[in-house]
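Thanks for making the time, everyone. I'd like to walk through one model, a few places at a time. Have a look at it first.

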Amino acid sequence: MEQMSYFSNLFSHPNKYLEVHLNNTMNLAISFLNDVPMENLFLSKEQLQKLIKINTLSHDIGKATSFFQEYLLSGEEEGSKETRHSLLSSFIAYYITKKVFEKENISDNIKIILPMFSYINVKRHHGNFLDILIEIDISEEDKELLYRQIESIDEEKFNILIKNIDEALFSEITKDKLKDIVEAVSKDIKIKRIKIKNLKHENATEYYLLNNLLFSLLIDADKSEVTIGKPERNPLDIPYIIVDHYKKDLKTDKKPINELRENAYQEVINKKIDLDQKIYSLTLPTGLGKTFISFAFALKLREEIRKKKGYTPRIIYSLPFLSIIEQNASVLEKVLIKYFGNIDSTIVLKHHHLSEIYYTYNDNEIEPDHAKILIEGWNSEIIITTFVQLFHTLISNKNSNLRKLHRIFGSIIILDEVQSIPIKYWYLLREIFKELVEKFNTYIIFSTATQPLIFKKDETLNLTNAEDYFTKLNRTILIPRLNESLLLEEFIENIDIKLDKSYMFIFNTINSAQKFYSLLKEKTKEDIVFLSSHIIPKDRLERIESIKKGEKRIVVTTQLVEAGVDIDLDIVYRDIAPLDSINQSAGRCNRNWLKDIGEVYLYSLQDDKRRYASYIYDKILLDVTNNILKKDEKIEEVEFLNYIQNYFYEINERKAKDISKNFLDAIYSLRYSGYTENENDKYIGIEDFKLIEEDQPKIDVFIELNEEAENLWNQYIKLKEIKDIYERRIEFLKIKSNFYKYVISIPVRAENLPAIEYGFGYISKDNLEDFYDKETGYKIKSGILLW
């Protein structure tokens, strides 16, 4: 396109010409696409570039109406339905896509699908996807609105706009032709509807991922263009030897566990890499340094890809829980800082729903509104995030989630503590992962002490010979006492607290943990640490740190300590749970092998109605665990691997794949939103996917525990005086991270709910004693509480 000599005087945003925004968005999206390695797709990269060009140049053309231009000049917060621009833009995108791809050498099915993709991508670029059959349902009211909008267009300005974006590609798009285009597209969509309805019979995950990729590229480019322009990427060379560099300064003795850690590290890092192998498993007992090992291997793999394939993948390090994000992120940051001296957010970035809006570049802190765009777009080489963020980007209908999807494609994904993924989703995630690996050059490293059977053994490459480590490591002995279920009052009679030992008691519900804490405190008269999700996060993290330092010897907790929390005690008591959870609990016992043997006692505990475990765990998982363990009086750690393998094999055989298959049906059908045809037929949509199921609705409660909390609450209230919603949101982001250190979630059915103020349950320091105990957390008067 020739350089623009004059502008249309149509605007996309205040003081920004519409053609400038459209061209910039196109250039950004194409540059993002060029960062995505792909192969074996039904479209070539050049064809994808054409599609991206059409979508980005079309996406805001509807802003050319006088309705929108007058609304923009007025400065009003909300416009009328005539000011909406996405529908008219989507008709233009459909028309041009059909016209361009009719000439391409692709199948008839693809020629039908691509215009639909362009249509829904442009139509929803400010919102969330709906079921594709709903999206393409065009009413007479829609058409009448479009005609009114077309009539309002200034023909001369519109002609200049078209000339300034791509005169050849958009040559047919004139004001006079727009009504004909609306009619033609409406008829064509109606004819093609049955073809779209039959999409699901092709079982093509590829259609879903490609549509979401196109959407991701469009909305990320659109948001970035308006705020930050083109984010600079400097794919820094990060050699895997930086881990060695860091480890040399760690003071480690020649104890057996440290020798095993080093052996495992050397075995993995010396593994020859075949880039055709894209799925790896790192299976090691807890406490053998999987964080270091998986990170070093990912860096080595990154180097190899850079040398041989010519692109530099990002590393996405994903963990199941917020409680271990900070811990593992701190380790990785220390490794990087030791080598580079200084790092900024372009190198490593933490992202979860409570992330601080803080982004630095070249020693400069980026303004919060720009930082938010950079963080949520995963503009970094190493992203440390949660399973929820990762999987709700891969399986979602939401604009805010899908925006960063293109950064996952072609990356190296480390899935730490992968056993935490609910079994009901194994088959679903397997199908998504297979497509990412085969079509989008994504590499996956499963890291865990208990490798689940998401993939078959012959589909993954084991980075270690796991048996060598499990059979040489004998830190703990598991003692199942499951013949009968005990009340807590009966259970405590079995406990003998010795002065020279440290203890951890792990429970399945907050109620049982709180009740036992009171019983144990009365029995021992000792200082006991209590942990649950009803303790504010600030105190929770401080208590975990004190345990790690060996400052506390008795801990009563829910299962939130199981995965990845680096604490070490002599004796662990655990309420019955699925075997993988029990194994994680055992990993907190004699973790560093400082004693000859640690003891893990397993009991079945109940209230006056049923077992506590039954409130939160699947019956099949508990039955399999019980059947595997009940025949043995003692199980040494050297035997754990066989037990775990038998457990996963058994549940894989017994667990139905129905839920995964229902979601895959939604994916094949592009059914982004669910619906009900009658009382008996509920069709779930992609929007229904939730990695973590909430058994009961909850509310967020702010606990004004101290002076800092009081100041944060006052700052939060003052934000309500800011009239501009966007500005108010940006100001909240500045305090969000600290604010949520005093927020917990409680069930809405709790008897003593606090008053709701400004969107949160609020407990002032004056009312603290009525609602919150500084030792055991929120005071719930009834119900079974989890975690």
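Let's start at R475. R475 sits in the loop that runs between α19, residues 466–470, and β12, residues 476–486. Bear in mind that this is a predicted model.

Is R475 buried or exposed? R475 is buried, because its relative accessible area is 2%, and the cut-off for buried is under 20%. What does R475 touch, leaving out residues up to four places away in sequence? One group is I257, P285, T286 and G287. Another group is N590, R591, W593, D596, I597 and G598. E637 is on the list too.

Take W593 from that list. W593 lies in the loop between α23 and β17. Its relative accessibility is 21%, so W593 counts as partly exposed. The backbone deserves a look here. W593 is not a glycine, yet its phi is positive, at about 55 degrees. For context, most residues other than glycine have a negative phi.

Where else does that turn up? Y758 also has a positive phi, near 55 degrees, and is a residue other than glycine. Y758 is placed in the loop between β23, residues 756–757, and β24, residues 760–763. With a relative accessible area of 42%, Y758 is partly exposed.

Back to α23, the helix before the W593 loop. Helix α23 covers residues 579–586. How many of its residues are buried? Eight of eight, so the helix is mostly covered. The buried residues are L579, D580, S581, I582, N583, Q584, S585 and A586. What covers them? Among the strands there are β12, β13 at 503–507, β16 at 571–575 and β17 at 598–605. Among the helices there are α24 at 619–629 and α25 at 640–654. Note that β12 is also the strand at one end of the R475 loop.

Now the nonpolar cores. The largest one has 195 residues. Which members touch the most other members? They are F170, I173, F391, L394, L415, F433 and L629. Helix α10, residues 205–227, supplies the largest share of this core, with ten residues. Apart from this core lies another, of 56 residues. L488, F507, L605 and V743 are among its members.

Zoom in on F170. Set aside its neighbours within four places in sequence. F170 is then in contact with I54, L57, S58, I61, I92, I96, I162 and I165.

I165 takes us to a helix pair, α1 and α8. Helix α1 is residues 18–33, and helix α8 is residues 155–166. Their axes come within 9 Å and cross at roughly 25 degrees. That angle makes α1 roughly parallel to α8, because the cut-off for roughly parallel is under 35 degrees. The crossing is right-handed. On the α1 side, the contact uses L18, E19, L22 and N23. On the α8 side, L161, N164 and I165 meet them. By class, that contact has four nonpolar, two polar and one charged residues.

A second pair, for contrast: α27, residues 707–719, and α28, residues 725–739. Here the axes come within 10 Å and cross at roughly 165 degrees. So α27 is roughly antiparallel to α28, given a cut-off of over 145 degrees. The crossing is left-handed. From α27, the residues are L712, W713, Q715, Y716 and L719. From α28, they are R728, E731, F732, I735, N738 and F739. This contact divides into seven nonpolar, two polar and two charged residues.

Last stop, the start of the chain. S12 belongs to strand β1, residues 11–13. Its relative accessible area is 1%, so S12 is buried. Not counting residues up to four places away in sequence, S12 touches Y17, L18, H21, K63, F68 and L72.

Y17 is in strand β2, residues 16–17. At 26% relative accessibility, Y17 counts as partly exposed. With the same kind of sequence neighbours left out, Y17 touches F7, N9, L10, F11 and S12. What separates Y17 and K63? Along the chain, 46 residues; between C-alpha atoms, 11 Å.

That's the tour. Over to you.

Terms used. Residues numbered from 1 in each chain as written. Predicted model: local features only at pLDDT ≥ 70, side-chain atom pairs only at ≥ 80, totals over all residues. Heavy atoms only, no water. Axes fitted to C-alpha atoms, helices over the stretch in contact; angles between N-to-C directions. Helix = DSSP H or I, 4+ residues; strand = E, 2+ residues; numbered from the N terminus. Parallel < 35°, antiparallel > 145°, perpendicular 65-115°, else oblique. Left-handed = near helix turned anticlockwise from the far one by under 90°. Contact = heavy atoms within 4.5 Å. Nonpolar A, V, L, I, M, F, W, Y, C, P; charged D, E, K, R; others polar. Core = buried A, V, L, I, M, F, W, Y, C linked by side-chain atoms within 4.5 Å. Buried < 20%, exposed > 50% of the residue type's maximum accessible area, 1.4 Å probe, protein only.
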